[in-house]
Protein chains: 2
Amino acid sequence: MQESCCTTSLDHSSGKQRQVLLSSMEAAISVLVSQFKVFAGKDGSSDTLSRDEFHSLVASQLPNFVKNASNPAAVDKLMGSLDENKDGELTFMEFWHLIGTLAIQHGGFSQ
Amino acid sequence: MQESCCTTSLDHSSGKQRQVLLSSMEAAISVLVSQFKVFAGKDGSSDTLSRDEFHSLVASQLPNFVKNASNPAAVDKLMGSLDENKDGELTFMEFWHLIGTLAIQHGGFSQ
């Protein structure tokens with residue numbers, strides 16, 4: 001992954017498009033957000049992941065980091081553990097807990 | 001950022017090095033972990049960010065996403081809000097809350 005890459009970043013306060021040079025950490029955050037939106041936008045609400053959207057995200061974007069990523073029952077169980085309000089959808093906040101857990105495991109940090 | 005890039009990923013259960021093709025999301029997680037370790041390893045414990053390490057990480061890796069990233073008092077205040085056990089250091093978990101907040105802001109998601 002390049003040390004830093006440039007991407008357009010919307011300036012939330014002014015709403016104007018601003019071309020900025022993102023650092024590698026900012027670019028990584030940007031990838032996680034944009035990939036969530038790619039899968040969340042496939043059906044229903046574009047702000048949340050449905051069951052099908054979550055399954056396809058895990059299978060294609062987290063095949064190495066999520067154990068049993070290709071096992072539907074295991075992915076259903078994982079989704080259930082993340083879906084705090086039990087509405088059958090995952091908000092970005094609920095999804096983010098998974099990314100944090102995977103980062104901790106990948107980094108070998110204590111929980 | 002390439003669609004997917006390949007990196008060595010330690011297989012935690014067996015301890016063996018395994019060459020895997022990471023997806024863009026996995027590569028992004030890997031960047032966030034490795035950059036945390038680069039800065040956390042500069043002084044003292046290599047598992048936590050000291051005040052100086054946090055200041056240099058924010059200045060060089062989060063200059064666009066953290067408001068007032070170059071203002072020491074603002075960064076001190078930010079660190080204080082993240083340092084849950086008030087030991088003057090940030091664990092990866094404490095640091096991860098900041099990354100989540102920045103991702104939510106960058107994505108324009110409701111908190």
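User: How many salt bridges does the count come to over all chains?

Analyst: Keep in mind that this is a predicted model, and side-chain atom pairs count only at pLDDT 80 or more. A pair is in if a side-chain nitrogen of Lys or Arg sits within 4 Å of a carboxyl oxygen of Asp or Glu. By this rule, the total over all chains is four.

User: Which residues are linked with A:R51 in a network of salt bridges?

Analyst: Start with A:R51 and A:D52, which form a salt bridge with the closest N and O atoms 3.5 Å apart. A:R51 also forms one with A:D76, and there the closest N and O atoms are 2.7 Å apart. Put those together and A:R51 is linked in a network with A:D52 and A:D76.

User: How many residues apart in sequence are the parts that A:D76 and A:R51 tie together?

Analyst: The two side chains form a salt bridge, 2.7 Å between the closest N and O atoms. A:D76 belongs to helix α3 (residues 72-82) of chain A, while A:R51 belongs to helix α2 (residues 51-61) of chain A, so the pair ties together parts whose separation in sequence is 25 residues.

User: Is A:D52 buried or exposed?

Analyst: Its partner A:R51 counts as partly exposed at 39% relative accessibility, and A:D76 is also partly exposed, at 30%. The cut-off for exposed is over 50%. A:D52 has 51% relative accessibility, so it counts as exposed.

User: What about chain B: which residue does B:D52 meet in a salt bridge?

Analyst: B:D52 is exposed, with 52% relative accessibility. The partner side chain is partly exposed, at a relative accessible area of 41%. The N to O distance in this salt bridge is 3.5 Å, and the residue that B:D52 meets is B:R51.

User: What kind of axis relates the two copies?

Analyst: Chain A can be laid on chain B by a turn of 180° with a shift of 0.0 Å along the axis, and the RMSD is 0.0 Å. The two copies are thus related as by a two-fold rotation axis.

User: Which residue of chain A comes closest to the rotation axis?

Analyst: Going by C-alpha atoms, the closest approach in chain A is 2.2 Å, and the residue is A:A28.
The same surface serves both copies, and the share of chain A's contact residues that recur in chain B is 98%.

User: Which residues touch the most other members of the largest nonpolar core?

Analyst: That core has 67 residues. Take B:F54: leaving aside neighbours within four places in sequence, its contacts include B:L49, B:V75, B:M79 and B:F95. The two that touch the most other members are A:F54 and B:F54.

User: Where does B:N71 lie?

Analyst: B:N71 is partly exposed, with a relative accessible area of 34%. B:N71 and B:A59 are twelve residues apart in sequence, with their C-alpha atoms 9.0 Å apart in space. As for its place in the fold, B:N71 is in the loop between α2 (51-61) and α3 (72-82) of chain B.

User: What does the UniProt annotation call residues 70-105 of chain A?

Analyst: In the model, this stretch is 69% helix and 0% strand, with its end C-alpha atoms 19 Å apart. The name comes from an unreviewed UniProt entry, where the domain annotation reads EF-hand.

User: Which element of chain A has the lowest mean pLDDT?

Analyst: Chain A has a mean pLDDT of 87, and 83% of its residues reach 70 or more. Where pLDDT is low, the predicted coordinates should not be read in detail. α3(A) has the highest mean, 97, and the lowest, 51, belongs to strand β1 (residues 4-10) of chain A.

Conventions. Residues numbered from 1 in each chain as written. Chains lettered and ligands numbered in written order. Heavy atoms only, no water. Least-squares fit on C-alpha atoms with pLDDT ≥ 70 in both. Contact = heavy atoms within 4.5 Å. Core = buried A, V, L, I, M, F, W, Y, C linked by side-chain atoms within 4.5 Å. Buried < 20%, exposed > 50% of the residue type's maximum accessible area, 1.4 Å probe, protein only. UniProt positions renumbered as here; feature names shortened; annotations may be inferred. Helix = DSSP H or I, 4+ residues; strand = E, 2+ residues; numbered from the N terminus. pLDDT = per-residue confidence, 0-100.
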